[in-house]
Amino acid sequence: MLMIFLQKALAFIFALGILITFHEFGHYFIARLCGVRVLRFSIGIGRPIWSKKFANSETEWMISAIPLGGYVKFLDSREIDTSRMSDPELAGDFLKQSVWKRIAIVAAGPLFNFLLAIFVFWALFMHGTSDPVAKVRVASSHSTAFVAGVRHGDIIRKINDESVQSWSDMRWKILQAGLDRQEVRLLVERKNPDRPVSLNQIEIKLPLQQLTSSDFESDFLYKLGLEIFRPAAILSAVSPNGPADKAGLKAGDQILAIDSNPVLDSLAFKEIVNASPNKSLNLLVLGSGQEFELTITPEAALENGKQVGRVQVVPLSTIEMTELRYSMFDALLHASVRTWDTSVLTLKMIGKMLIGEVSWRNITGPITIADFAGQTAKNGWISYLQFIALISISLGVMNLLPIPVLDGGHLLYYSLEVLTGRPIPEKYVEMAQRGGLTVLLCLMLVAFFNDIIRQMS
């Protein structure tokens with residue numbers, strides 16, 4: 001338990017350190033280009049645990065105790081005594097810069113977060129990533145997908161005339177349409193029942209209007225009746241002296257039906273067995289080219305405090321995968337589009353939260369983010385880098401929101417200064433800062449509350 005906690009904490013701190021460093025370096029880099037003096041560059045907030053000034057540099061580089069933020073401190077004539085400073089030194093005052101320079105410096109932080117996401121996606125797309133094929137499992141004849149015309153084993157090739165590369169790509173495109181409650185047009189590839197070697201392409205209209213805000217908090221594809229395609233219920237291994245071995249099952253046998261009901265795939269077989277402890281089941285089996293029947297009784301076992309059935313077999317579970325790899329320029333294009341689409345989707349989610357169409361339970365805090373960091377790190381470096389890219393986009397979007405205290409709030413002040421021709425009076429800025437801080441504290445409380453509820457559920 002302690003090791004799991006440490007893994008999550010380290011994965012979270014490392015990811016956050018990278019994101020904060022890039023964000024603050026964006027401010028620092030553009031400030032130096034504009035001639036602004038940078039007095040301090042801090043990763044983390046609160047009490048310093050390490051600091052250093054390098055030779056020929058006036059900037060104090062610092063790591064602080066609380067790794068939930070960072071800051072860059074510029075020379076600001078409002079905060080220090082400038083009476084003994086020379087004119088060249090005062091030229092580096094942040095407040096003495098033109099409004100366009102100040103806008104560039106403030107906007108650079110979120111911009112560097114977006115650039116980081118593009119770079120990570122670019123590297124991943126060039127390296128290549130594996131993802132399940134967009135081949136669907138449709139288990140229920142009452143589901144929205146089945147009623148619309150989607151069938152088990154269909155491969156989704158296009159959505160609204162856009163090519164689908166993988167399962168994640170399909171999910172992404174349906175999510176974007178689902179938030180707008182749009183109907184999507186699917187172009188599916190299906191085996192011809194009369195000529196199994198040939199494929200038919202069929203266009204299907206899948207309605208999404210019935211999706212509710214709570215559906216997007218879970219697996220909305222499952223709500224539609226779409227799951228990842230599983231292989232047939234073929235046994236890859238049978239444990240000696242287990243219920244299956246005693247009943248006569250062997251590796252390579254395929255379970256066709258249980259109690260006269262067809263078995264869709266390996267997942268369906270597992271679900272039926274799990275739900276039948278100590279219950280006799282009649283199986284129709286295909287083995288050695290012949291069909292035969294046998295009876296098996298799953299033994300009872302305790303799993304997560306619940307009694308389930310076990311027959312001591314390992315059914316095939318391999319999911320069809322596809323490799324996504326692009327050339328340098330195609331990868332850069334896909335990375336830019338992915339970053340843009342994710343940013344737009346994040347803004348849409350925020351907007352729908354404000355008008356009540358999406359639940360505020362979607363707001364996550366550091367506990368949930370740390371949990372995701374640990375899970376993705378455990379799944380491998382590709383999954384972890386994808387997580388870092390997505391969080392970097394979220395950080396960039398959140399910082400651009402016009403909330404005082406955030407970068408977006410400062411950009412709002414400077415935009416008003418451009419329109420009016422004069423700075424916003426300091427007293428109004430201070431009032432707005434206090435209001436913005438209150439909003440952020442409320443959002444943090446909501447995020448922590450949601451995190452605790454998720455951990456308890």
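**Terms and values in a predicted model**

Analyst: Glutamate 417 is buried, and the same holds for arginine 102. The model is predicted, so local features need pLDDT of at least 70 and side-chain atom pairs count only at pLDDT 80 or more, whereas totals for chains, interfaces and linings use all residues. Residues are numbered from 1 along each chain as its sequence is written, and side-chain values use heavy atoms, with hydrogens and water left out.

User: What makes a residue buried, partly exposed or exposed?

Analyst: Buried means under 20% relative accessible area, exposed means over 50%, and partly exposed lies in between (1.4 Å probe, protein chains only).

User: Why is the pair of glutamate 417 and arginine 102 called a salt bridge?

Analyst: A salt bridge requires a side-chain nitrogen of Lys or Arg within 4 Å of a carboxyl oxygen of Asp or Glu. The closest N and O atoms of glutamate 417 and arginine 102 are 2.9 Å apart, so the pair meets the definition. It links helix H12 (residues 407-420), which holds glutamate 417, to helix H3, which holds arginine 102, 315 residues apart. Elsewhere, salt bridges with shared partners join Arg137, Glu227 and Asp265 into one network.

User: How many salt bridges are found in the whole structure?

Analyst: The search finds 13. Among them is the pair of glutamate 58 and arginine 37, whose closest N and O atoms are 2.8 Å apart. Glutamate 58 lies in the loop between strand E1 (38-53) and strand E2 (60-74), and arginine 37 in the loop between helix H1 (2-33) and E1, so the pair ties together parts 21 residues apart in sequence.

User: Why is glutamate 58 called partly exposed, and why is arginine 37 called buried?

Analyst: Glutamate 58 has 28% relative accessibility, which falls between the two limits, and therefore counts as partly exposed. Arginine 37 has 17%, which is under the lower limit, and is therefore buried.

User: How do you know that glutamate 60 and arginine 40 form a salt bridge?

Analyst: Their closest N and O atoms are 3.3 Å apart, so the cut-off is met. This pair links distant parts of the chain, with glutamate 60 in strand E2 and arginine 40 in strand E1, 20 residues apart. Arginine 40, at 27% relative accessible area, is partly exposed.

User: What makes a set of residues a nonpolar core?

Analyst: The residues must be buried Ala, Val, Leu, Ile, Met, Phe, Trp, Tyr or Cys, joined through side-chain atoms within 4.5 Å. The largest such core has 51 residues, and those with the most contacts inside it are Val36, Phe74, Phe94, Ile105 and Tyr414. Its largest share, 13 residues, comes from helix H3 (residues 99-127). Another core, of 33 residues, lies apart from it and includes Val136, Leu211, Phe216 and Met349.

User: Why may isoleucine 367 belong to a nonpolar surface patch?

Analyst: Patches are made of residues with over 30% relative accessible area and no salt bridge; nonpolar side chains (Val, Leu, Ile, Met, Phe, Trp, Tyr) are joined within 5 Å, and like charges within 9 Å. Isoleucine 367, at 34%, passes the accessibility limit, so it satisfies that condition. It lies in helix H10 (residues 366-379). Its patch also contains Val405, Leu437, Leu441, Met444, Phe448 and Ile452, and has about 580 Å² of accessible area together, by the Shrake-Rupley method with a 1.4 Å probe. Helix H13 (residues 426-456) gives the largest share, five residues.

User: How do you know that strands E11 and E13 pair?

Analyst: Pairing requires at least two DSSP bridges. E11 (residues 254-258) and E13 (residues 281-287) have four, in the antiparallel sense, so they pair.

How values were computed: Helix = DSSP H or I, 4+ residues; strand = E, 2+ residues; numbered from the N terminus.
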